[in-house]
Amino acid sequence: MSSHATGRARVIPLRPVHAAPAPSAAAKEPLWRDVVGDVLRRERTAQRRTLKDVAEAARISMPYLSEIERGRKEASSEVLAAAARSLGLGLADVLSLAQDEIARRAPSRTAPARAPMGEVRLAA
């Protein structure tokens, strides 16, 4: 009889015991759909408009617009453009606001130095 035949199952861990902890929620990059949804909701509420009003003007369903605003759905560019237009904005406006928000929320990182656009560095 072998020494393993003691009536107990042998446990093999799926992860190393000393695995690094998962990154905290604060250190994660924000999701695009969350940020775009926040921008749309913020613009809609700033205009004191209802979800129903904006959805009808954009010709999308109210539940779908709600899902977009809550970051549950990743909307197509056509749907985002329609939602933006219904708020009196262009798609570029929404994308610019979302980009600013992502830059604000993103964890800071040390980026390598880059030459400004249009500047060329020549080796001597």
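Where is the place of Arg48? Arg48 lies in the loop between helix 1 and helix 2, and the second view below returns to this residue. The legends describe a predicted model, in which local features need pLDDT of at least 70 and side-chain atom pairs count only at pLDDT 80 or more, whereas totals for chains, interfaces and linings use all residues. Residues are numbered from 1 along each chain as its sequence is written, and side-chain values use heavy atoms, with hydrogens and water left out.

**View 1. Helix 1 packs its buried residues against helices 2, 3, 4 and 5.**
The protein chain has five helices and zero strands, where helices (H or I, at least four residues) and strands (E, at least two) are DSSP runs numbered from the N terminus; the order of elements is α-α-α-α-α. Helix 1 covers residues 32-46, and because its 15 residues at 1.5 Å a residue should span 21 Å, the 21 Å between its end C-alpha atoms agrees with expectation; the expected span is 1.5 Å times one less than the number of residues. Its buried residues are Val35, Val36, Gly37, Val39, Leu40 and Arg44, buried meaning under 20% relative accessible area, exposed over 50%, and partly exposed in between (1.4 Å probe, protein chains only). These residues pack against helix 2 (51-58), helix 3 (62-69), helix 4 (77-86) and helix 5 (91-105). For the whole chain of 124 residues, 24% count as buried, and 65% of the contacts with a separation of 6 or more are between residues 24 or more positions apart, a contact being heavy atoms within 4.5 Å. The accessible surface comes to about 9,800 Å², with 55% belonging to carbon and sulfur atoms; such areas come from the Shrake-Rupley method with a 1.4 Å probe, and for residues only the protein chains shown count as cover.

**View 2. Arg48 and Arg59 take positive phi angles in two loops.**
Most residues other than glycine have a negative phi. Arg48, although not a glycine, has a positive phi of about 55°, and this residue comes just after helix 1. Arg48 is exposed, with a relative accessible area of 79%. Arg59, in the loop between helix 2 and helix 3, likewise is not a glycine and has a positive phi, of about 60°; with a relative accessible area of 77%, Arg59 is exposed.

**View 3. Glu69 of helix 3 is a buried acidic residue whose side chain contacts Arg41.**
The relative accessible area of Glu69 is 2%, so this residue counts as buried. The side chains of Glu69 and Arg41 are joined by a polar contact of 3.3 Å, a polar contact being a pair of N or O atoms within 3.5 Å; within protein, one atom must be able to donate a hydrogen and the other to accept it, and residues adjacent in sequence count only if both atoms are side-chain atoms. When neighbours within four places in sequence are left aside, Glu69 is in contact with Gly37, Asp38, Leu40, Arg41, Arg44 and Leu51.

**View 4. Glu101 of helix 5 forms salt bridges with Arg104 and Arg105.**
Side chains of opposite charge can pair when their charged atoms come close. The count here is eight salt bridges, each defined as a side-chain nitrogen of Lys or Arg within 4 Å of a carboxyl oxygen of Asp or Glu. Glu101 and Arg104 form one of them, with their closest N and O atoms 2.5 Å apart, and because these residues are three apart in helix 5, about one helical turn separates them. The salt bridge between Arg105 and Glu101 is 3.0 Å from N to O, and Arg105, four residues from Glu101 in helix 5, is likewise separated from Glu101 by about one helical turn. Salt bridges with shared partners join Asp38, Arg42, Glu101, Arg104 and Arg105 into one network. The three residues of helix 5 in this view vary in accessibility: Glu101 is buried at 9%, Arg105 is partly exposed at 30%, and Arg104 is exposed at 60%. Apart from its neighbours within four places in sequence, Glu101 is in contact with Val35 and Arg42.

**View 5. Asp53 and Arg49 form a salt bridge.**
The closest N and O atoms of Asp53 and Arg49 are 2.6 Å apart. Asp53 has a relative accessibility of 32% and therefore counts as partly exposed.
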